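Subject: Structure handover

Hello,

Here is the structure I promised to pass on. Please open it alongside this email; my notes follow below.

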Amino acid sequence: MTTFTIDARATPRALKAPIEIATYRWESIPCLTASVARNGCSGHGEGTALFYRPETAEGLAAQITALAPHLTPSVSRQDLLGLLPANGARAALDAALWHLQTAESRTPAWRRAGLVSIQPILTVATVYLDTPGAMAETARDHAASYPLLKIKLGAEGDDERLRAIRAAAPSARLVVDANAGWTEDAFASLIPILTETKVELVEQPLAPTDDGALNNIDVPIKLAADESFQTAEDIAHCVGKYDVLNVKLDKCGGLTSALAIADIAERLGFELMVGNMLGSSLGMAPAHLFAQRCLFADLDGPLSLAKDVRPPLFFDKGYVSVPDPELWG
């Protein structure tokens, strides 16, 4: 007789220190974990509630708990696409099923995803919004170990922040994330400074409701959609405005959905980025697999946590290690 169990629970992750962006401040990260077991094999996954949706980790875990009695032992990752919305609950359960199938098939997730190999990934190290001096100091510290920095902007004084950071980290590669914090005029006025400081990518300069204005601005830098792009249904909205789509598993509902999005996006000429919502190494592990297809990777979430899961991902000279099979995949 086939045995099958599902468990889900909120697992908030404490931070080393509060984190602030243009539109939000975190004291801790609202994560949830999902576990599945079938015939002696098990799998685990993590998701995060999004701050710009009416979500909580407890509510997402409750979605899985309510669904569990209605699932058959043969439930698949494809089944989940019609059973849960695109959110952290589906991302956590999808990851758990990927992990379970690895245990059952003894075939790693990356091979089942169609990759011929899996490699360590260069990740950004994030410099969170603060005063120009504080951000410059953080950038200098990060640049000693991370060649690629992601700068959180979206507030008055961003010109000073950019120049201070470039002076503090003259050799670092820079990407900028405004988190929808600029107006059209503010963004246009910053373009010469973004060019001067050799920024390679700008994420979400305008709010999703305002990004039609990007058609009116001459931008000689790649633009990435984040808040403007959440699921496959948003790809059409991004055509002509953005060059890169920031795929986050908690936005699109898991690795299975992300891989399908990648196929569509690449056919339309988009490049890909993988992001994170500040979860643990368990949450980053399936994103690491997806990062094999990406131009940029933002997988540094565990570095902000007071305590990571075990075994963790390892960060060395800007690169994130391939996940230990005991962790995921």
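β13 and β14 run parallel, joined by two bridges. One pairing to look at: V274 has A297 in β14 as its bridge partner. Bear in mind that this is a predicted model.

On to the next pair. β12 and β13 are also parallel, and four bridges join them. Here V244 stands opposite E271 of β13.

These strands belong to an open sheet. It has eight strands in the order β7-β8-β9-β10-β11-β12-β13-β14, and the pairing is parallel. Which strands sit at the edges? They are β7 (125-127) and β14 (296-297), each of which pairs on one side only. As general background, strands in a sheet pair through backbone hydrogen bonds, in either a parallel or an antiparallel way.

A helix covers this end of the order. α11, residues 281-291, packs on the sheet and touches β12 (244-247), β13 and β14. The direction of α11 makes about 160 degrees with that of β13.

Now the surface. V239, I264 and L268 make a nonpolar patch of about 240 Å². Where does L268 sit? L268 lies in the loop that runs between α10 (255-267) and β13 (271-274). So much for the patch.

Over to you.

Best wishes

Note on methods: Residues numbered from 1 in each chain as written. Predicted model: local features only at pLDDT ≥ 70, side-chain atom pairs only at ≥ 80, totals over all residues. Heavy atoms only, no water. Patch = residues over 30% accessible without salt bridge, like charges linked within 9 Å, V, L, I, M, F, W, Y side chains within 5 Å. Areas by Shrake-Rupley, 256 points an atom, 1.4 Å probe, with all protein chains shown as cover. Salt bridge = Lys/Arg side-chain N within 4 Å of Asp/Glu carboxyl O. Pairing = 2+ DSSP bridges. Contact = heavy atoms within 4.5 Å. Axes fitted to C-alpha atoms, helices over the stretch in contact; angles between N-to-C directions.
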